[in-house]
Amino acid sequence: RSLRTAGPRSSDFFRELGQTLERMAQTLRDQLPASASGGRGWIPPGTHPEPRPPDEADVVVVGGGVVGWSVAYWLKVLEGRRRRHGMKVLVVERDPLYSRASTVLSAGGIRQQFSLRENIQMSRFSASFLRNINEHLGVPNEPPIDIQFQPSGYLFLASPQNAAALEAAVQLQRDEGAQVTLLSPTQLKTKFPWINTEDVALASYGLEDEGWFDPWTLLNALRRKATSLGVQSCSGEVRGEGWGYAARFAPCHSQEPPPHPKTLQLLYVFTWHCPNGPGPSCPFVIDTSGAYFRPDGSAGNYLGGMSPSKEEEPDASNLSVDHDYFQDQIWPRLAQRVPAFESLRVQGSWAGYYDYNTFDQNGVLGPHPRLENLFLAAGFSGHGLQHAPAAGRALAELVLKGQYETLDLRRLGWDRLVEGKPLEEHSVI
């Protein structure tokens, strides 16, 4: 028959065909969801194209940053053969393009120089993990992972008022096996001639397993490996009582959880060029004033910043950069410590977040005291990136085995918040 003489049955056929084609077109459109800019966005591997999750999951990981993906990865690695078909793990991330994520907006540092034993232990675990990253996160038939680690160490400068605390922290770090040395002002000037030692009473310098790396590469490596192990992900937002990164898939209780001190703190990171600066062998320097800087690649490029005081803290909902803050607050401190920085030229900047714990500047790790099957890994106050491998394994051990096995991190649990007993970390940048 010709189309002109088609009867009712053929009309139904073409109507149904049109509906089928429209459904196919809609399916293709769904594979390319609109990005925040109104264009078409790229879907990360393993991410569900729609915001709704699969029908069921054994474990829901709330937050697909580096800590969340570390939890998901370790859950699959440690589950062994507990189940015939394996544990169903789902990662939910509300910003799949990571445009506002703390992970990719950080300065990428890793250090052993903390004042709390648990933080030192997590740093040492994470350093070993990163050193052997391809053994952990390598995927067959894919290129090897290069996190672009720069092992230049951290250099902490202490004023006369803080010298004793720095010395005590270094002793603890050494007790935990970290390779850290103390430098007098004379030794500091000899090793780093470009530095002004005025008002510096003592310095500590990390000799091993300290430096910086590319956060985006670590995040992608964790996500790629976890996906290859069967972890699913979707874009969306989990709403309900409680907060954290990892939660067993279970109904929430109706009780109100105790108040928590977690907040977002805005930080600015600036990049600048200074051809006569310290050079590429410069460590990650933490000044007595709180300003910090490190080389950024080569050819006289650097990045750095300084956490604002409580009085100066900007609105965390706005990621625009206050350039006057660098001009008025950071640059004078940089130029005082490194005279060559007097002639630096700012090249760029960005704003990011600290997932900040106002109670004691330490992560909260472990089970929630009132919400059954809810486990927390949040509030790391700027050191979540470097502690993610250790924190992810620790939380996976709690979920799967009911106890810590690799590191004893019980003191980082919620009990200290309920009891009002802060576990202070003094080396917060």
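Colleague: Which residues does Ser152 touch, not counting residues up to four places away in sequence?

Modeller: In this predicted model, Ser152 touches Tyr205, Glu210, Gly211, Trp212, Pro280, Ser281, Cys282 and Pro283. Ser152 itself sits in the loop between helix H4 (133–137) and strand E5 (154–158).

Colleague: Why is Ser152 called buried?

Modeller: Buried means under 20% relative accessible area. Ser152 comes out at 13%, so it counts as buried. Cys282, one of the residues Ser152 touches, is buried too, with a relative accessible area of 1%.

Colleague: And what makes Cys234 buried?

Modeller: The cut-off is under 20%, and Cys234 has 3% relative accessibility, so buried is the word for Cys234.

Colleague: How many disulfides does a search of the whole structure find?

Modeller: Zero. To count, a pair of cysteine sulfur atoms would have to lie within 2.5 Å, and the search of the whole structure turns up no such pair.

Colleague: On to the helices. Why is H2 called roughly parallel to H7?

Modeller: Helix H2 (66–78) and helix H7 (residues 215–228) pack at an angle of about 30°, with their axes 9 Å apart. Angles under 35 degrees count as roughly parallel, so H2 is roughly parallel to H7. The crossing of the two is left-handed.

Colleague: Which residues make that contact between H2 and H7?

Modeller: From H2 there are Val66, Trp69, Ser70 and Tyr73, and from H7 there are Leu218, Leu219, Leu222, Arg223, Lys225, Ala226 and Thr227. Sorted by type, the contact has seven nonpolar residues, two polar and two charged.

Colleague: Where is Met87, and is it buried or exposed?

Modeller: Met87 is in the loop that runs between H2 and strand E3 (89–93). Its relative accessible area is 2%, and with the limit for buried at under 20%, Met87 is therefore buried. Met87 and Ala57 are 30 residues apart in sequence, yet their C-alpha atoms are 8.0 Å apart in space.

Colleague: What is worth pointing out about the phi of Asn141?

Modeller: Most residues other than glycine have a negative phi. Asn141 is not a glycine, but has a positive phi of about 65°. Ser381 is another case, with a positive phi near 60° in a residue other than glycine.

Colleague: How do you know which of those two is buried and which is exposed?

Modeller: Exposed takes over 50% relative accessible area. Asn141, in the loop between H4 and E5, has 84%, so Asn141 is exposed. Ser381 lies in the loop between strand E17 (374–378) and helix H9 (384–401); with 2%, against a limit of under 20%, Ser381 is buried.

Terms used:
Residues numbered from 1 in each chain as written. Predicted model: local features only at pLDDT ≥ 70, side-chain atom pairs only at ≥ 80, totals over all residues. Heavy atoms only, no water. Buried < 20%, exposed > 50% of the residue type's maximum accessible area, 1.4 Å probe, protein only. Helix = DSSP H or I, 4+ residues; strand = E, 2+ residues; numbered from the N terminus. Axes fitted to C-alpha atoms, helices over the stretch in contact; angles between N-to-C directions. Parallel < 35°, antiparallel > 145°, perpendicular 65-115°, else oblique. Left-handed = near helix turned anticlockwise from the far one by under 90°. Contact = heavy atoms within 4.5 Å. Nonpolar A, V, L, I, M, F, W, Y, C, P; charged D, E, K, R; others polar.
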